Amino acid sequence: MLNKLVTNADEAVKDIPDGATIMLGGFGLCGIPENCINALVKSGVKNLTCISNNAGVDDFGIGLMLNTRQVKKMISSYVGENAEFERQLLSGELEVELIPQGTLATRCLASGYGMPAIFTPAGVGTEVANGKEIREFNGKQYLLEYAFDSDFAIVKAWKGDTHGNLIFRETARNFNPMMAMAGKITIAEVEELVPAGELDPDQIHTPGIFVNRIFQGSDYEKRIEQMTTRLKS
Amino acid sequence: MLDKFGIAKRIAKELKDGYYVNLGIGIPTLVANYVPEGIEVILQSENGLLGIGPFPYADEVDADLINAGKQTVTTTNGSSFFDSALSFGMIRSGRVDLTVLGAMEVAENGDIANWKIPGKMVKGMGGAMDLVAAAKNIIVAMQHVDKKGNSKLLKRCTLPITGLGCVKKVVTELGVFDIVPEGFQLIERAPGITVEYIKEKTEGHLLVVGEIPEMIL
């Protein structure tokens, strides 16, 4: 009998050891695994390598783990929203690898698809290409980039079932589906957990085979980074 | 001289009916406000949305629905959501017709630098390197000179490169420039700006062929 259910975020992350490499889904603060980030802060685990498109803001998301100095290295594409991040980076306390966003997404994808590497045109002729193999196809140059090797992937979905099937909502999908496929152990937190059989199989974004642990999340803040509105005329 | 809204308005004249367009953060985002009447363009947001609508009314705001600048947005009729890998598949496989980006520097050979100032600013490239490596048609929206008055249209970029030889057109507060083998070809002058003034403010090679018209916005 499948048993992927865990009671909460603390239980879901309790075996993540010091020095682990973890992927965290989300774009900006949208679709981030809030519960697990809070649990990691509480657990005090350290020397983590985090693969995530962004690094949160100073008091939310991965920013919370930076404040507690739990992160040794970040692999991200854009980190402009976080002053503490920039301070730790410029002072040399934090190791950072900045890579193109599409490369980040596709290195996750390659991992989940069982492919060791990809070729991408992004970064050719830039410092991103330093030390990397370049191959020419049809007269155009491409960089060899390796699939990520991540101990854990932590994702956030809108709905999930007890078999680990996941459905994401709107742009909160972002990096979550690829990361869910790319962790040696994948942890999913969901806004609404239902028994297997209640989700329409035609609507599943991530099939449960990729998910090892799932739990009903709670107290989602879903903070908005840039609130932009228009006036009713 | 154009303000940032004028630059956006001028770039909007480059839009064609049925274009799929990716707009970068800053002045490029403003281009969406000036889509010419009778033309339909579909805006792509690299985090995973095709068909970006206007900003939401206050009672419609949805934390799960943002653009690549992390701003709350809405969808349009015919929108779709997808993951970020698929999104960059659209970009790399050349489905996006036009990309509009900001830049710190553009060189006369079409190189662009817009992601890093060593030792000062470390924000990252986001999707810019993927976009410039693959897009067929890249327009840069930028200020012609920096705060110290130095030209940002250069012979060679001095800052770390984002992409090589990829920019096709530059629109600044002073004019419109096509990147051609000889350098920056002046196509239009901003209202009230002379060719002499533009020459003075352009470090890269400026090509001026015949009478240069003043732009009509």
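**Note on the predicted two-chain model**

1. B:D64 and A:K222 pair in a salt bridge whose closest N and O atoms are 2.8 Å apart. The model is a predicted one, and the distances and areas discussed below should be read with that in mind. The pair belongs to the contact between the two chains, for which the count is 6 salt bridges.

2. The interface itself brings 51 residues of chain A into contact with 50 residues of chain B. Between them the two chains bury about 4,200 Å², and 60% of that area is on carbon and sulfur atoms. Side chains of opposite charge can pair when their charged atoms come close, and a search over all chains of the structure returns 31 salt bridges.

3. Within chain A, A:E170 forms a salt bridge with A:R169, with the closest N and O atoms 3.3 Å apart. Salt bridges that share partners join these two residues with A:K156, A:E191, A:K222, B:D62 and B:D64 into one network, and the pair from the opening point, B:D64 with A:K222, is thus part of that network. Which of the two, A:E170 or A:R169, is buried and which is partly exposed? A:E170 counts as buried because its relative accessibility, 17%, is under 20%, whereas A:R169, at 24%, counts as partly exposed.

4. A second salt bridge of chain A joins A:D59 to A:R223, the closest N and O atoms again being given as 2.8 Å apart. This pair links distant parts of the chain, 164 residues apart, with A:D59 in the loop between strand 2 and helix 3 (63-67) and A:R223 in the segment after strand 11 (213-216) of chain A. Both partners are partly exposed, A:D59 with a relative accessible area of 46% and A:R223 at 25% relative accessibility.

5. A third pair in chain A is the salt bridge in which the side chains of A:R69 and A:E84 meet, at 3.4 Å from N to O. Because A:R69 lies in the loop between helix 3 and strand 3 (71-76) and A:E84 in helix 4 (residues 83-90) of chain A, the pair ties together parts that are 15 residues apart in sequence. The surroundings of the partners can be described separately: A:R69 is partly exposed, with a relative accessible area of 44%, while A:E84 is buried, with a relative accessible area of 16%.

6. Two asparagines of chain A deserve a look at their backbone. Most residues other than glycine have a negative phi. A:N47, although not a glycine, has a positive phi of about 55°, and A:N174, likewise not a glycine, has a positive phi of about 30°. A:N47 is placed in the loop between helix 2 (34-43) and strand 2 of chain A and is partly exposed at 40% relative accessibility. A:N174 is found in the loop between strand 9 (166-167) and helix 6 (176-180) of chain A, and this residue is buried, with a relative accessible area of 0%.

7. Strand 2 of chain A (residues 48-51) contains A:T49, which counts as buried at 10% relative accessibility. When residues up to four places away in sequence are not counted, A:T49 touches A:A20, A:T21, A:I22, A:K72, A:K73 and A:I75.

8. In chain B, B:M90 has its place in helix 3 (residues 84-92) and counts as buried at 18% relative accessibility. Leaving aside neighbours within four places in sequence, B:M90 is in contact with B:Q44, B:L50, B:F82, B:R95 and B:V96. The C-alpha atoms of B:M90 and B:E46 are separated by 9.1 Å, and these two residues are 44 residues apart along the chain.

9. Helix 1 of chain B (residues 4-12) has B:G6, B:I7, B:A8, B:R10, B:I11 and B:A12 among its buried residues. What covers the buried residues of this helix includes helix 2 (27-30), strand 5 (98-101), strand 10 (138-141), strand 12 (169-171), strand 13 (175-180) and strand 14 (183-189) of chain B.

10. The second largest pocket holds about 510 Å³ of space. Of the 14 residues that line this pocket, those closest to its centre are B:M104, B:I117, B:D146, B:K147 and B:L159. What is the division of the lining into nonpolar, polar and charged residues? The lining divides into 5 nonpolar, 3 polar and 6 charged residues.

Terms used. Residues are numbered from 1 along each chain as its sequence is written. Chains are lettered from A and ligands numbered from 1 in the order in which they are written. This is a predicted model: local features need pLDDT of at least 70, side-chain atom pairs count only at pLDDT 80 or more; totals for chains, interfaces and linings use all residues. Side-chain values use heavy atoms; hydrogens and water are left out. Helices (H or I, at least four residues) and strands (E, at least two) are DSSP runs, numbered from the N terminus. Buried means under 20% relative accessible area, exposed over 50%, partly exposed in between (1.4 Å probe, protein chains only). Contact means heavy atoms within 4.5 Å. On a 1 Å grid over the protein atoms alone, a cavity is a set of points where a 1.4 Å probe fits but cannot get out, and a pocket is an open set with protein on both sides within 12 Å along at least five of seven lines; lining residues have an atom within 4 Å of a point. Grid points are joined across faces, edges and corners, and a volume is the space filled by probe spheres set on the points. Ala, Val, Leu, Ile, Met, Phe, Trp, Tyr, Cys and Pro count as nonpolar, Asp, Glu, Lys and Arg as charged, and the others, Gly among them, as polar. Buried area is the accessible area (1.4 Å probe) that two parts lose on being put together, summed over both. A salt bridge is a side-chain nitrogen of Lys or Arg within 4 Å of a carboxyl oxygen of Asp or Glu.
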